[in-house]
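Colleague: Got a minute to walk me through this structure? I'd like the overall picture and then a few spots in detail.

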Amino acid sequence: MVTKRIIPCLDIRNGRVVKGVNFKGVQDVEDPVALARRYNADELVFYDITASVEGRGLFTDVLRDVARQIFIPLTVGGAINTLEDFDRVLKAGADKVSVNSGAIKDPGLIGAAAKKYGDQCVVLSMDVDGKYHLFTKGGREDTGLDALEWAVRGEAGGAGEIVLNSIDTDGVKRGFDLEMLEALSKRVSLPIIASGGAGKMEDFKTLFTLPGVDAGLAASIFHFGEVDIGNLKRYLTENGVPVRL
């Protein structure tokens, strides 16, 4: 039986971990290296959340420092626009590369990266609002694209998994966007990582009743100690959800 994954997310701005609500009101949390060192999770995600909008490369120095501290798979995203960007972050310690705005600008990037590095390395990240519109530049710009159709294109192009970031539930802590996740799972067969809305352990239990959802990603509830990952995994096991303890 395939185990479900629990994934903390480090949103990085100016070299620090930050967190907001609905992609707004971003506040400082902690040093990313110190925070990464604490996590005994299935994977870790590192997003340089302002790299695209600021038109610069991802902070590879911070990435290297984080990668040295952990022994779990690391997914990295932020201003991934070319194969050279893939190469740079992989050499800095990433195991998988998350692409969002770069793939919207150049849809061929997904296929080119999958061919060069393997589809298991390519993660299609989508920032989506309640109208299922796909957003770019850290949730700042509405592309007008239908997110579900974009996901189908991403799968056909060679992406290995999809992260669905729900803008409307981000940081609200009232549960994942189950309706959107279910709609996505009916359109693609790729593993889906759900992001946005986790507030308590029960939210993960409910999340994993959905077919196609392979992982739950969260930030603030883990960063601030509201939910301990070890306790969460024991809770899920007790409730019949297969996880790696």
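Modeller: Sure, we can go from the whole chain to a helix pair and then to single residues.

Colleague: Is this experimental or predicted, and what should I keep in mind?

Modeller: This is a predicted model, and local features need pLDDT of at least 70.

Colleague: Okay. How many helices and strands are in the protein chain?

Modeller: Eleven helices and twelve strands. The radius of gyration is 16 Å, close to the 18 Å that the globule rule gives for 245 residues, so the chain is as compact as a globular protein of that length.

Colleague: And what does the C-alpha trace span along its principal axes?

Modeller: About 45 × 40 × 35 Å.

Colleague: What share of the residues is buried?

Modeller: Buried residues are 56% of the 245 in the protein chain. On the contact side, take the contacts with a separation of 6 or more: 65% of those come from residues 24 or more positions apart.

Colleague: Let's switch to helices. At what angle do α4 and α6 pack?

Modeller: About 45 degrees, and their axes are 10 Å apart. For orientation, α4 covers residues 83-91 and α6 covers residues 108-117.

Colleague: What do you call that arrangement, then?

Modeller: Oblique. An angle of about 45 degrees is neither under 35 degrees, which would be roughly parallel, nor in the 65 to 115 range for roughly perpendicular.

Colleague: Is the crossing left-handed or right-handed?

Modeller: α4 passes α6 in a right-handed crossing.

Colleague: Which residues make the contact?

Modeller: From α4 you have Leu83, Phe86, Asp87 and Leu90, and from α6 there are Leu109, Ala112, Ala113, Lys116 and Tyr117. By type, that contact has seven nonpolar residues, two charged and no polar ones.

Colleague: What about Thr82, where does that sit?

Modeller: Thr82 is in the loop between β5 (74-77) and α4. With a relative accessible area of 31%, Thr82 is partly exposed. Its C-alpha is 17 Å from that of Ile49, and the two are 33 residues apart in sequence.

Colleague: And at the other helix, where is Gly118?

Modeller: In the loop between α6 and β7 (122-128). Gly118 has a relative accessible area of 16%, so it counts as buried. Between the C-alpha atoms of Gly118 and Gly158 the separation is 8.6 Å, with their positions 40 residues apart along the chain.

Colleague: Backbone next. Which residue in the loop between β7 and β8 has a positive phi although it is not a glycine?

Modeller: Tyr132, with a phi of about 65 degrees. That loop runs between β7 and β8 (133-136). Tyr132 is buried, at a relative accessible area of 17%.

Colleague: What about Lys173, what's its phi?

Modeller: Lys173 is also not a glycine, and has a positive phi of about 65 degrees. Lys173 lies in the loop between β10 (161-166) and α8 (178-185). At 29% relative accessibility, Lys173 counts as partly exposed.

Colleague: Last one: is Gln27 buried or exposed?

Modeller: Exposed, with a relative accessible area of 57%. Gln27 is part of strand β3, residues 24-30.

Colleague: What does Gln27 touch?

Modeller: Leaving out residues up to four places away in sequence, Gln27 touches Val17, Val18 and Lys19. Arg16, eleven residues from Gln27 along the chain, has its C-alpha 9.9 Å from that of Gln27.

Colleague: Great, thanks for the tour.

Key:
Residues numbered from 1 in each chain as written. Predicted model: local features only at pLDDT ≥ 70, side-chain atom pairs only at ≥ 80, totals over all residues. Heavy atoms only, no water. Axes fitted to C-alpha atoms, helices over the stretch in contact; angles between N-to-C directions. Helix = DSSP H or I, 4+ residues; strand = E, 2+ residues; numbered from the N terminus. Parallel < 35°, antiparallel > 145°, perpendicular 65-115°, else oblique. Left-handed = near helix turned anticlockwise from the far one by under 90°. Contact = heavy atoms within 4.5 Å. Nonpolar A, V, L, I, M, F, W, Y, C, P; charged D, E, K, R; others polar. Rg over C-alpha atoms; globule rule 2.2 N^0.38 Å. Buried < 20%, exposed > 50% of the residue type's maximum accessible area, 1.4 Å probe, protein only.
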